[in-house]
Amino acid sequence: MNNLLRLIGRRLIALPVMAIGVTFLVFFLMSFSTIDPAYKALGESATPEQVAEYHKEYGLDDPWPVRYVRYMDNLLHGDLGTYSARRSSVATRISKALPVTMQLTFIGLLIGALVSFLLGVIAALYRDKWPDQLIRLLSIAGLATPSFWLAVLLILLFSSNLHLLPASGMLPDPGKNFGAYMARMIMPAISLAVPLTGQMTRIVRTAMVEELDRDYVTTARGAGIPEKVVIAKNVLRNALITPVTTLGMKIGYLMGGAVVIEVIFNLPGMGMCIQDGVSGNEPNLIMGVVVVVALAFIVINIVVDMLYLLINPRIRSV
C-alpha cells in the first residue's frame, strides 16, 4: 500500500509539471509561425484595419509570454479556448476527436496483444527450433517497421491496387454498420499494431522461457502431470504478469502513434486536430490536444502501475 501511495503521489506531482511543460513548449514554438490567424479568419482580402482590430480583440499583439499566462489562467478554470474564424470550442472538437483516437488505440492494442501472445508462447515452447527462429525474424522485422511507412504500403496494396479497403472517407458508426467501420479502421490498426507486436513477442517469449526453466515446472513434469495442464494452469498464469502490465504501459505510446496514423488515413481524431491547428496557426487547438493527450497518458500509467503493484506479489513485498 505504501508503494502504491508513493507511486500515485509521484504521478500526481508530475501531472501539473508535464502540463506546464508541454503547453509552454507548444506556445513557444507556435510563436515562430508566420501564419496570421487574422487572415485565416477574415480572409486574404482583409484590410490592415480589420487585421489590427482582430489582433486587438483577441490579444494577438501581446507578447507570447503574456498570452501564455492568459491561456494557462483560462485552462485552470476549465476553458480550453476557441479556434478558427467561427470561434469554435476546442473542448467540443476534442470531445468528438478523442473517442476516435481511443478506438484506434484499443483496436491496435487488441491486435498486437493477441498476435504477440500467440507468437511468444509458440516461440517459447519450440525454443531454438525453426518456429522460434522464424518468429524471431518476424518480431525483429515488425519492431524495425515504422508505422507510417507500413501505413503507406497497406494503402498501396489494399486500397490502390486491390481496391478491398477504403483509405479515406467518413468513419461509419460502428453501431449501425460494424463491417464498414472495421473496414475503415483495420488498416490504421494494423499499422499501429505491427511494431507493438514485434516488441511484445520478444517480451512474452522471454517471460515464458524463464518460467519454463523454474523448478516447479520440472517437478510437475516429473510427477506425471500432463504438459498441457502445466503450461495452461501454471506457466501461462505466472509468465504473463509482466507482459500484460508492459502492454498496459504501451497504451500511452500507442495514442501518440495513433495521432500520426490518423493523418495518413484521414481519420477525424486527435491527429487531424493537430494538423488543423498547425496549418491554421491555432495554438489553442494544438495545446488543447497536447494537454488532453498528456493527461490521458499520465492517468493510464497511474492505473497500469496500480494494477501492476496489486497483481505482482514480488513487487508488493518490496
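Which residues in H6 meet which residues in H8? In this predicted model, the H6 side of the contact is made up of Asp-132, Ile-135, Arg-136, Ser-139, Gly-142 and Leu-143. Facing them from H8 are Val-194, Pro-195, Gly-198, Gln-199, Thr-201, Arg-202 and Arg-205. Sorted by character, the residues of this contact come out as four nonpolar, five polar and four charged.

As for the geometry, H6 spans residues 130–143 and H8 spans residues 178–212, and the two helices pack with their axes 7 Å apart, at an angle of about 140 degrees. That angle makes H6 oblique to H8; the cut-off for roughly antiparallel is over 145 degrees. The crossing of the two helices is left-handed.

Ser-139 is a handy residue for looking into this contact. It is found in helix H6, and it counts as buried because its relative accessibility is 4%, with the limit for buried set at under 20%. Once neighbours within four places in sequence are left aside, Ser-139 touches Gly-198, Thr-201 and Arg-202, and these three belong to the H8 side listed above. Ser-139 also has a partner within its own helix: a polar atom of its side chain sits 2.8 Å from the backbone oxygen of Arg-136, another of the H6 residues that meet H8.

Further along the chain, helix H10 (residues 227–239) and helix H11 (residues 241–249) make another pair. Their axes come within 4 Å and cross at roughly 35 degrees. On the H10 side, Arg-237, Asn-238 and Ala-239 are involved, and they meet Ile-241, Thr-242 and Pro-243 in H11. This contact divides into three nonpolar residues, two polar ones and one charged.

Now for a couple of exposed spots. Asn-161 lies in helix H7, which covers residues 147–161, and counts as exposed because its relative accessibility is 56%, where exposed means over 50%. Its side chain still reaches the backbone oxygen of Leu-156, at 3.0 Å. From C-alpha to C-alpha, Asn-161 is 48 Å from Tyr-54 in space, and the two are 107 residues apart in sequence.

Glu-44, by contrast, is a loop residue, placed between helix H2 (37–42) and helix H3 (48–58). With a relative accessible area of 70%, Glu-44 is exposed. Between Glu-44 and Arg-93 there are 25 Å in space, C-alpha to C-alpha, for a separation of 49 residues in sequence.

Notes: Residues are numbered from 1 along each chain as its sequence is written. This is a predicted model: local features need pLDDT of at least 70, side-chain atom pairs count only at pLDDT 80 or more; totals for chains, interfaces and linings use all residues. Side-chain values use heavy atoms; hydrogens and water are left out. Axes are lines fitted to C-alpha atoms, for helices over the stretch in contact, and angles run from 0 to 180 degrees between N-to-C directions. Angles under 35 degrees count as roughly parallel, over 145 as roughly antiparallel, 65 to 115 as roughly perpendicular and the rest as oblique. A crossing is left-handed if the near helix is turned anticlockwise from the far one by less than a right angle, and right-handed if clockwise. Contact means heavy atoms within 4.5 Å. Ala, Val, Leu, Ile, Met, Phe, Trp, Tyr, Cys and Pro count as nonpolar, Asp, Glu, Lys and Arg as charged, and the others, Gly among them, as polar. Buried means under 20% relative accessible area, exposed over 50%, partly exposed in between (1.4 Å probe, protein chains only). A polar contact is a pair of N or O atoms within 3.5 Å; within protein, one must be able to donate a hydrogen and the other to accept it, and residues adjacent in sequence count only if both atoms are side-chain atoms.
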